[in-house]
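Here are some exercises to work through with a viewer open. Try each task before you read its solution.

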Amino acid sequence: MQVLIGNTRVTLVQGDITTQSVDAIVNAANSSLLGGGGVDGAIHRAGGPAILDACRDIRAEQGECAPGNAVATTAGNLPAKRVIHTVGPVWRGGHKGEFVILESAYATSLTVAMKEELRTVAFPSISTGAYGFPIDRAVFVALQTTQRTVRKNPDAFDEIRFVLFSDADLLTYATALEDVRKTMMG
Ligand code: ADP
C-alpha cells in the first residue's frame with residue numbers, strides 16, 4: 001500500500017527491516033546503543049560488528065542516546081547505506097510523555113536522514129515491541145509525524161517505508177494510512 005504526500009511516497013510492507021535496500025533503516029535501539037533484542041538484535045546480527053563499533057564510538061564521544069534522540073552509523077553488511085538508531089519511550093500508561101518522545105524519535109530520525117541526504121528511509125514500529133507502546137496509538141504518531149515532516153520538507157525524501165513484522169501490525173498501519181489518505185483528500 002502507498003500514499004503520495006507531495007513528492008514522497010509513504011509505503012507499507014510486511015517483512016524484515018534488515019533486508020531493505022534503502023538509504024537508511026531506522027533501529028529501535030535502547031539508550032545504551034549497545035544492542036538489545038527485537039529489531040535491534042536483528043540489525044546487529046545481520047549487519048555485523050561494524051555497527052556496534054560505531055555505536056561504541058558515538059557513546060564514547062557523546063554518552064548515551066536519550067529517548068527521542070537519534071544517531072546514524074554505518075550499516076555494516078546490510079544492504080542499506082546507513083542505520084539511524086533512535087530510542088523510543090517505554091510505555092508507562094501514556095501520561096509520562098510517551099507520545100511526545102515517540103514523535104521526537106520519528107522526527108529526529110528524519111532530521112538525521114535529511115542532514116545526510118538519505119532520501120529513502122525505512123522504519124520499524126518503534127516502541128511497540130518490548131517497550132509496550134500500544135500499536136493502535138503509536139501508528140498515528142508515526143504517520144502524522146511523517147506527514148508533517150514531509151510537508152515541511154517536500155523535496156527531502158523519495159520514500160518513507162514502514163516495515164511491519166506481523167500481519168496484524170501491517171493491517172493496523174494500513175487502516176491508519178487509509179484514514180490519513182481520506183483526510184488528505186478532504
Ligand atoms: P521496542 O523496544 O522499541 O519496542 P522492539 O524491537 O522490541 O522495539 O519491537 C519493535 C517492533 O519491531 C515490534 O513490532 C517487533 O515485532 C518488530 N520487529 C522485530 N524484529 C524486526 C525485524 N527484523 N524487522 C522489522 N520489524 C521487527
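## Exercise 1: A glycine in a helix

Task: place Gly41 in the fold and decide whether Gly41 is buried or exposed.

Solution. Gly41 is part of helix H1, where helices (H or I, at least four residues) and strands (E, at least two) are DSSP runs numbered from the N terminus. This is a predicted model, in which local features need pLDDT of at least 70, side-chain atom pairs count only at pLDDT 80 or more, and totals for chains, interfaces and linings use all residues. Residues are numbered from 1 along each chain as its sequence is written, and side-chain values use heavy atoms, with hydrogens and water left out.

Next, take the accessibility. Gly41 counts as buried because its relative accessibility is 8%; buried means under 20% relative accessible area, exposed over 50%, and partly exposed in between (1.4 Å probe, protein chains only).

Finally, pick a partner for a distance check. From C-alpha to C-alpha, Gly41 and Ala28 are 9.7 Å apart in space, with a separation of 13 residues in sequence.

## Exercise 2: The ligand and its shell

Task: describe what surrounds the ligand and find its backbone contacts.

Solution. Start with the shell: 15 residues are around the ligand, and Asp16, Val39, Ser127, Gly129 and Ala130 come nearest (near means a heavy atom within 4 Å). Helix H1 (residues 38–47) gives the most to this shell, with three residues.

Now look for polar contacts, here pairs of N or O atoms within 3.5 Å. A polar backbone atom of Gly129 is 2.8 Å from a ligand oxygen. For Ala130, a backbone N or O atom is likewise 2.8 Å from an oxygen atom of the ligand, and for Tyr131 the distance is 3.0 Å. Then check the cover: the ligand taken alone exposes 560 Å², and the protein buries 88% of that (Shrake-Rupley method, 1.4 Å probe).

## Exercise 3: Positive phi values

Task: find where Leu33 and Ser127 lie, and which phi values they have.

Solution. Begin with the background: most residues other than glycine have a negative phi. Leu33 has a positive phi near 65 degrees, and its place is in the loop between strand S3 (24–29) and H1. With 3% relative accessibility, Leu33 counts as buried.

Ser127 has a positive phi too, of about 75 degrees. Ser127 sits in the loop between strand S6 (120–123) and helix H4 (135–152), and is buried at a relative accessible area of 5%. Ser127 also links back to the previous exercise, as one of the residues that come nearest to the ligand.

Methods
A polar contact is a pair of N or O atoms within 3.5 Å; within protein, one must be able to donate a hydrogen and the other to accept it, and residues adjacent in sequence count only if both atoms are side-chain atoms.
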